[in-house]
Amino acid sequence: MSRIGRMPIPIPPKVEVSWNEDNLVTVKGPKGELSLKIPSSLSLTLENGTLKVARQSDNKLHRSQHGLYRTLINNMVVGVTQGYSKQLEIHGTGYRATKVGDNLVIMVGYSHPVEVPPPPGISFTVDGVDPVTKATKVSVVGIDKQKVGEMAAIIRRIREPEPYKGKGIRYAGEEIRRKAGKAGKTGKAGGGKKK
């Protein structure tokens, strides 16, 4: 059996899990509601505050789906109770971000500010400037783990960190591999061949 698939999902008291005959799973909690359609090869059982995912057979496709959908349902339960957030840092002189209404406005060296509207269920927070690294901190917050990660990736792509000075938008804690700049010419100016 799938080691991940057979693990039961604990359901907190304030969370309500339901599914219909089309295998559409709905999870409701304090922070919102999420839905996911699971394959017909999987079945769910809810008992004693835990949800178990079972599969019909041991063929390769069913085994792969078992662990995947168990994890996706668990992520939904965590999302509606705690939520998810992804932190980004903006490094570079004059690079910064502000919130205008719900939108995130980023200034990262282009001739114009880049405005990023949040998709439904996602919000942005600008956490200020880190006094040590001088980086502007931005958080992407939501209940859907996939949407939070996707939105953070879209923001990072606006100005990916460059390898020489490390300027750009990066995930919090992300290490940027640095390259050495061009080495200056040594020797006499003008060069010329030695005889």
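The exercises below concern a predicted model of one protein chain.

**Exercise 1. Overall form**

Determine how many helices and strands the chain has, and whether the chain is spread out or compact by the globule rule.

Solution. Begin with the secondary structure: the chain holds 2 helices and 13 strands. Next, take the radius of gyration, which is 24 Å, and set it against the 16 Å that the globule rule gives for 195 residues. The value is well over the rule, so the chain is more spread out than a compact globule. Then turn to the extents: the C-alpha trace spans about 85 × 50 × 25 Å along its principal axes.

**Exercise 2. Burial, surface and charge**

State what share of the residues is buried, what supplies the exposed area, and how far apart the mean positions of the charges lie.

Solution. Of the 195 residues, 37% are buried. The exposed area of the chain is about 12700 Å², and 52% of this comes from carbon and sulfur atoms. For the charges, take the mean position of the 33 positive ones and that of the 17 negative ones; the two are 15 Å apart. As for contacts between residues at least 6 apart in sequence, 51% join residues at least 24 apart.

**Exercise 3. Strand β6 and its partners**

Find which residues of β6 lie on its covered face and which strands pair with β6.

Solution. Start from the general pattern: side chains in a regular strand alternate between the two faces of the sheet. In β6, residues 50-55, the covered face carries Leu51, Val53 and Arg55. Thr50, Lys52 and Ala54 make up the uncovered face.

Now take the partners in turn. Strand β5, residues 42-47, pairs with β6 in the antiparallel sense over 6 bridges, and Leu44 stands opposite Val53. The hairpin of β5 and β6 has 2 residues between the strands, and Asn48 there takes a positive phi near 50 degrees. Strand β1, residues 9-10, is also antiparallel to β6, with 2 bridges. In this pairing Pro10 stands opposite Thr50.

**Exercise 4. The setting of Ser41**

Establish where Ser41 is found, whether Ser41 is buried or exposed, and which residues are in contact with Ser41.

Solution. First, locate the residue: Ser41 is in the loop between β4, residues 32-37, and β5. Second, apply the cut-off: buried means under 20% relative accessible area. The relative accessible area of Ser41 is 8%, so Ser41 is buried. Third, list the contacts, leaving aside neighbours within four places in sequence: Ala54, Arg55, Gln56, His62 and Gln65. Among them, Ala54 belongs to the uncovered face of β6 and Arg55 to the covered one.

Note on methods. Residues are numbered from 1 along each chain as its sequence is written. This is a predicted model: local features need pLDDT of at least 70, side-chain atom pairs count only at pLDDT 80 or more; totals for chains, interfaces and linings use all residues. Side-chain values use heavy atoms; hydrogens and water are left out. Buried means under 20% relative accessible area, exposed over 50%, partly exposed in between (1.4 Å probe, protein chains only). Helices (H or I, at least four residues) and strands (E, at least two) are DSSP runs, numbered from the N terminus. Two strands pair if DSSP finds at least two bridges between them. The radius of gyration is taken over C-alpha atoms; the globule rule is 2.2 Å times the number of residues to the power 0.38. Contact means heavy atoms within 4.5 Å. Accessible areas come from the Shrake-Rupley method with a 1.4 Å probe; for residues, only the protein chains shown count as cover. Lys and Arg count as positive and Asp and Glu as negative; His and the chain ends are not counted. The place of a charge is taken as NZ of Lys, CZ of Arg, CG of Asp or CD of Glu.
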